[in-house]
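The following exercises concern one protein structure. Each task is followed by a solution in steps.

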Amino acid sequence: MAAPNISKVGFIGLGAMGKHMVEHLASKLPDETRIYIYDVSSPPIEELATRYPNKVIPSTSSKDVAENATIILSMVPEGKHVEAVYLHPETGIAAAAPESLHNKLLIDCSTIDIATSLRVKDHIATHHATTPFYDAPVSGGTLGAKAGTIAFFLGCAKTEQNLPYITEILRLMGSKIIPCGGPTSGLAAKLCNNYLSGLIAIASSEALNMGIRAGLDPRVLSDVISAGTAANAICADYNPCPGVVDKAPSSQGYEGGFKVQLMKKDFGLAVDLARGVGARLVLGGIGLETYEAAAEDPECRDRDSRVVYRFLGGDEEWKGRFGG
């Protein structure tokens with residue numbers, strides 16, 4: 001396909017991560033660029049359009065975005081939302097006239113089930129043959145989205161002809177783009193990543209709680225973990241114990257970050273994937289039970305997923321013992 005016009009970008013889904021991603025596009029693309037945005041919620045649309053007048057353009061639907069932009073990205077919570085964005089018969093991207101979608105790029109950054117992504121891809125391929133659809137879920141959380149350091153796991157091969165165009169736009173929002181293979185390989189990679197990330201968060205919470213009860217200052221224990229064989233990004237950047245890492249959501253009352261309900265959703269999708277491909281999981285069942293219960297706990301729901309530390313009874317007032 002011919003190189004898409006990068007001066008007309010569309011973005012659908014302005015949640016905790018999508019909004020930051022649009023901010024990077026708006027601040028880094030040339031002034032003459034037009035960014036067409038849409039979300040089911042009006043406030044983020046109004047906020048971005050006000051902050052970037054004449055550059056960020058409000059849209060009335062996903063279809064409206066698709067009819068104006070040449071590269072369209074989506075970032076929504078679940079498979080049912082992706083299906084609505086792309087396949088709704090009246091307001092979805094695929095409802096746009098075939099000529100208006102000719103030679104455009106569709107990039108879905110959501111983390112969803114593989115079956116829905118394939119269904120959307122197949123529908124687009126059948127009805128809009130010149131318009132490729134790619135899965136490109138992201139990792140790095142809201143902190144990474146805000147900093148522009150997220151990683152994209154791209155469902156295509158390194159030899160994909162459109163990779164240069166996809167990379168050009170994704171690099172404005174993240175620091176790493178990894179082609180993972182064929183269609184939905186990006187999603188499979190992301191589910192494996194979030195499965196491991198979710199387990200590390202539980203294990204880190206358990207270790208920190210155990211250490212505090214054994215008389216260890218969690219700041220010291222976190223330094224030990226970072227210097228040892230258990231070093232991990234969760235403890236380093238998203239430490240589940242409040243007050244250890246100032247920028248971590250746990251230190252802000254578990255506000256922001258990656259909601260525990262979303263981790264429950266992704267973890268469940270990963271367990272389903274393992275079941276579908278015949279991979280044995282020793283920790284998957286109990287991990288999923290933990291996130292399911294935490295997501296329903298009124299002290300944990302709607303908070304960052306590392307709130308499992310609270311769910312497991314972790315000491316949040318430890319500074320009274322060890323000093324601030």
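**Exercise 1. Determine how far the sulfur of Cys-235 is from the closest cysteine sulfur, and whether a bond is possible or ruled out.**

Step 1. The closest cysteine sulfur to that of Cys-235 belongs to Cys-241, at 9.5 Å, which is too far for a bond. A disulfide is here a pair of cysteine sulfur atoms within 2.5 Å.

Step 2. Cys-235 is buried, its relative accessible area being 4%. Buried denotes under 20% relative accessible area, exposed over 50%, and partly exposed the range in between (1.4 Å probe, protein chains only).

Step 3. Cys-300 likewise takes part in no disulfide, since the nearest cysteine sulfur, in Cys-241, lies 14 Å away. Cys-300 is buried, with a relative accessible area of 0%.

Step 4. Across the whole structure, the search finds 0 disulfides.

The model is predicted: local features need pLDDT of at least 70 and side-chain atom pairs pLDDT 80 or more, whereas totals for chains, interfaces and linings use all residues. Residues are numbered from 1 along each chain as its sequence is written, and side-chain values use heavy atoms, without hydrogens and water.

**Exercise 2. Identify which residues of helix H2 are buried, and where they lie around its axis.**

Step 1. Helix H2 spans residues 42-51, and its buried residues are Pro-44, Ile-45, Leu-48 and Ala-49. Helices (H or I, at least four residues) and strands (E, at least two) are DSSP runs, numbered from the N terminus.

Step 2. These residues lie on the same side of H2 because they cover an arc of only 125 degrees around the axis. The arc is taken from the directions from the helix axis to the C-beta atoms.

Step 3. Pro-43, Glu-46 and Thr-50 are exposed, on the face of H2 turned away from the buried side.

Step 4. The cover over the buried residues of H2 includes helix H1 (18-28), strand S2 (34-38) and strand S3 (56-58). Contact here means heavy atoms within 4.5 Å.

**Exercise 3. State how the chain is divided into domains, and what area is buried between them.**

Step 1. Domain 1 covers 8-183 and domain 2 covers 188-321, with bounds from an automatic or database domain assignment.

Step 2. The C-alpha centres of the two domains are 29 Å apart. Domain 1 and domain 2 each contribute 16 residues to the contact.

Step 3. About 1,100 Å² is buried between domain 1 and domain 2, and carbon and sulfur atoms give 67% of this area. Buried area is the accessible area (1.4 Å probe) that two parts lose on being put together, summed over both.

Step 4. Of the area that domain 1 buries against domain 2, Thr-111, Ile-114 and Leu-143 supply 41%, more than any other three residues.
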